[in-house]
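This report looks at a ligand site and at two helices, and it is meant to be read alongside the sequence and the coordinates.

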Amino acid sequence: MLEFSLPIELPVALTIAGSDPSGGAGLQADLKTFHQFGVYGMAIPTLVTVQNTRSVEAVVPLDAGLVRNQLDCVQRDIPPSAAKIGAIPDTIVLEAIAEWASDFDAPLVVDPVIKSTHGQTLTSHDAVTAMIEVLLPSCLLVTPNLHEASLMSGVAVHDPSTMRDAAERIAACGVRHVLVKGGHLEGPAVDLLWSDGDALEFSSARIHSRHTHGTGCTYSAAITALLAQSVALVDAVVAAKRFVTEAIRTAPGLGQGSGPVNHHAPTGLGRG
Ligand code: PXL
């Protein structure tokens, strides 16, 4: 007789993010990444975009009450062991999420998606200010790119030293770990993790590709999936960066514009 050994407990992660119908970014990228890392994914949309790999044609915010009801509804039934927050359209939705987050007691990652790959504003400036004031104190990790780190810190970020200054200032807003992604600098892709007052740098070879749509979503989703499995934060960042680098290197070349990365890339966990 065959005997199956099922996982004793399936890890669960939640994404609260925008919808990208082309599947490369937003909650679609997050769910694929959760799945690839062996994690059961749940998803709450905050806004709906009309977009493909060439352009964003519309961004439609969802109602804050609807977002909050979804949060409460899934939380009381399947409480996730980690969650991530992506694009937030406006201050009202931000405040609804922040109120929920203040009671959430598992690791919470926020990827402050201010603009889409094509430069369309997804998170309003007011919402970024509110994010710093009311959401960051409930988060374990925030993962800005250079532009987002500049906006959040007021430091013009353009090299490793200013990445560190910005990270330190953002951490002072009440978040323990800040990962500033240096992917848009020249040379190797160096990310700086400000972690409990220490600065750590992670470097990977730069891959020249136009197929980088959704890279930031995929990176923070991979970190969240690992945190949902109780992996330590620094180890989660190292493994997630490796996954994303491989996902860019093996991008499937879909679409006529900036296509998605390869969400089937190996995770290094021995099952993806
Ligand atoms: O990759 C950032 C991002 C996040 N969320 C949504 C997006 C994008 C980029 O286009 O569309 C919904």
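## Ligand site and two helices

In this predicted model, the residues that surround the ligand are Gly 18, Ala 25, Gly 26, Gln 51, Val 113, Ser 116, Thr 117, Leu 122, His 213, Gly 214 and Cys 217. Of the 310 Å² of accessible area that the ligand has on its own, 94% is covered by the protein. Polar contacts to oxygen atoms of the ligand are listed below.

| Residue | Protein atom | Distance to an oxygen atom of the ligand |
|---|---|---|
| Gln 51 | polar side-chain atom | 2.4 Å |
| Thr 117 | backbone N or O atom | 3.4 Å |

Turning to the helices, α5 has Leu 146, Glu 148, Ala 149, Met 152 and Ser 153 as its buried residues. Seen down the axis of α5, these residues fall within an arc of 160 degrees, so they line one face of the helix. They pack against α4 (125–135), β6, α6 and β7. At the start of α5, the backbone nitrogen of His 147 has a side-chain oxygen of Asn 145 within 3.1 Å, while the residue that follows the helix, Gly 154, has a positive phi, near 80 degrees.

Helix α6, which comprises the twelve residues 160–171, reaches 16 Å from its first C-alpha to its last, close to the 16 Å expected at 1.5 Å a residue. Within α6, the buried residues include Thr 162, Met 163, Ala 166, Ala 167, Ile 170 and Ala 171, and the partners against which the buried residues of α6 pack are β6 (141–142), α5 (146–153), β7 (177–181) and β8 (189–195).

Terms used:
Residues numbered from 1 in each chain as written. Predicted model: local features only at pLDDT ≥ 70, side-chain atom pairs only at ≥ 80, totals over all residues. Heavy atoms only, no water. Helix = DSSP H or I, 4+ residues; strand = E, 2+ residues; numbered from the N terminus. Expected span 1.5 Å × (residues − 1). Buried < 20%, exposed > 50% of the residue type's maximum accessible area, 1.4 Å probe, protein only. Contact = heavy atoms within 4.5 Å. Arc of directions from axis to C-beta. Polar contact = N/O pair within 3.5 Å; in protein donor to acceptor, adjacent residues only side chain to side chain. Near = heavy atom within 4 Å. Areas by Shrake-Rupley, 256 points an atom, 1.4 Å probe, with all protein chains shown as cover.
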